[in-house]
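Q: I have just opened this model and would like to learn how to read it. Could you walk me through a few residues, one feature at a time?

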Amino acid sequence: LSLTLGIQEVVLDPVGRGNPLLIALGRAEVYGTTGGGDIGTSARDEARAGGVRADYKLGAAGNLTFVHMMVDDGGSVIANELLTAIDATYKVTDQITVEGMFGLINLAGLEDSEVWLLGIGANTNGAFVDGLSLFAQFGVEFGEVTTDYDAGGLMFDIGASYTLDMDWKPCFGVEYLFVSGDEASADEYEGFISYEDNNDLVILEDKEFGFDIDENYSVVKIRASVQGDLLPSPVKDAFKLELVLGIAKLDEEVGTPTGAEDAIGTELDIKASWMATKQVKVYTGIGMLFGSDILDVYVEESTAFTFYLGTAVTF
């Protein structure tokens with residue numbers, strides 16, 4: 001049993017792909033005062049989170065986690081958001097892992113807010129075919145966003161990838177992600193409420209360089225990557241190059257004077273990274289968005305472009 005108290009990150013990522021869609025406290029934004037909107041964007045500032053986390057190891061097979069965290073919205077303590085959750089991870093075999101989470105979110109500034117979140121996920125790595133990885137996760141919400149609106153959010157994410165057993169480990173994958181949006185119902189809020197930190201697509205999803213769309217969209221992603229030793233480094237397979245094609249649309253259309261639009265557009269990302277040492281990573285990327293009817297509604301432009309270059313140093 002281990003206990004962690006104070007300001008900390010709490011990341012519950014059922015499929016372990018580095019872009020958590022349910023809980024990533026300390027890396028996510030406050031939801032209640034900044035989330036939602038026509039295209040589900042939110043503020044970029046990461047909200048501090050503090051409280052208690054308890055982890056209990058079930059031998060080598062699994063882990064139980066309990067968290068009770070306050071999420072700072074920049075206002076008074078009473079107005080801060082709260083998350084209370086329990087998470088269980090279990091290794092069915094060395095190649096199959098399942099995870100389940102049940103939590104309660106109390107949103108800031110909303111009277112009697114009690115949003116219950118149930119999430120499950122699973123991933124396999126070579127369990128059925130050598131080199132084949134499968135993953136799936138699902139989230140559903142119920143309870144009350146406020147006294148007048150019931151919670152009815154839905155999220156699911158499924159995908160597969162296959163890595164060839166050869167030099168440079170060529171890998172090909174496909175993924176489908178759906179995050180519900182609000183239909184402006186008289187008694188239900190259907191947007192999916194979460195503390196996500198999904199920064200996969202550089203323009204559409206990234207919170208540092210892109211639009212940071214959090215809800216009200218679906219996207220098909222097709223990806224390919226290679227990884228090997230291109231430059232001298234003490235790290236094996238230190239260089240990685242990845243291409244991602246994302247075809248996205250809104251769940252609920254955005255109204256315009258001439259009609260409604262749902263085509264977010266098609267995005268092509270080219271990303272590269274190199275581990276210069278075990279502590280220093282150099283990374284770069286280009287993102288290009290085409291045919292966005294939604295972007296045209298807001299800024300009368302259907303394309304967007306992003307380039308970034310940076311380093312990450314671990315101590």
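Q: Let's start with placement: in which strand is Phe-102?
A: In this predicted model, Phe-102 belongs to strand β7, which covers residues 96-106.

Q: Is Phe-102 buried, partly exposed or exposed?
A: The label depends on relative accessible area: partly exposed lies between under 20% and over 50%. Phe-102 has a value of 36%, so it counts as partly exposed.

Q: Which residues make the nonpolar surface patch?
A: Phe-102 joins Phe-66, Ile-86, Leu-118, Ile-120, Phe-138 and Phe-142 in a patch of about 590 Å². Two elements, β8 (114-125) and β9 (132-144), each give two or more residues to this patch.

Q: Strand β9 also holds Glu-141. How far away is the nearest side chain of opposite charge?
A: That side chain is Lys-207, 18 Å away. A salt bridge needs the charged atoms within 4 Å, and Glu-141, although buried, has none.

Q: Which backbone nitrogen does the side chain of Glu-141 reach?
A: The one of Ile-193, at 3.0 Å. Leaving aside residues up to four places away in sequence, Glu-141 also has contacts that include Trp-116, Gly-152 and Phe-192.

Q: Now for Tyr-308: is this residue buried or exposed?
A: Tyr-308 sits in strand β18 (residues 304-313). Its relative accessible area is 12%, and buried means under 20%, so Tyr-308 is buried.

Q: Which residues does Tyr-308 touch?
A: Beyond four places in sequence, they are Val-202, Phe-209, Lys-271, Tyr-283, Thr-284 and Gly-285. As for Tyr-298, 10 residues apart from Tyr-308 along the chain, the two C-alpha atoms are separated by 24 Å.

Key: Residues are numbered from 1 along each chain as its sequence is written. This is a predicted model: local features need pLDDT of at least 70, side-chain atom pairs count only at pLDDT 80 or more; totals for chains, interfaces and linings use all residues. Side-chain values use heavy atoms; hydrogens and water are left out. Patches are made of residues with over 30% relative accessible area and no salt bridge: like charges are joined within 9 Å, nonpolar side chains (Val, Leu, Ile, Met, Phe, Trp, Tyr) within 5 Å. Accessible areas come from the Shrake-Rupley method with a 1.4 Å probe; for residues, only the protein chains shown count as cover. Helices (H or I, at least four residues) and strands (E, at least two) are DSSP runs, numbered from the N terminus. Buried means under 20% relative accessible area, exposed over 50%, partly exposed in between (1.4 Å probe, protein chains only). Lys and Arg count as positive and Asp and Glu as negative; His and the chain ends are not counted. A polar contact is a pair of N or O atoms within 3.5 Å; within protein, one must be able to donate a hydrogen and the other to accept it, and residues adjacent in sequence count only if both atoms are side-chain atoms. Contact means heavy atoms within 4.5 Å.
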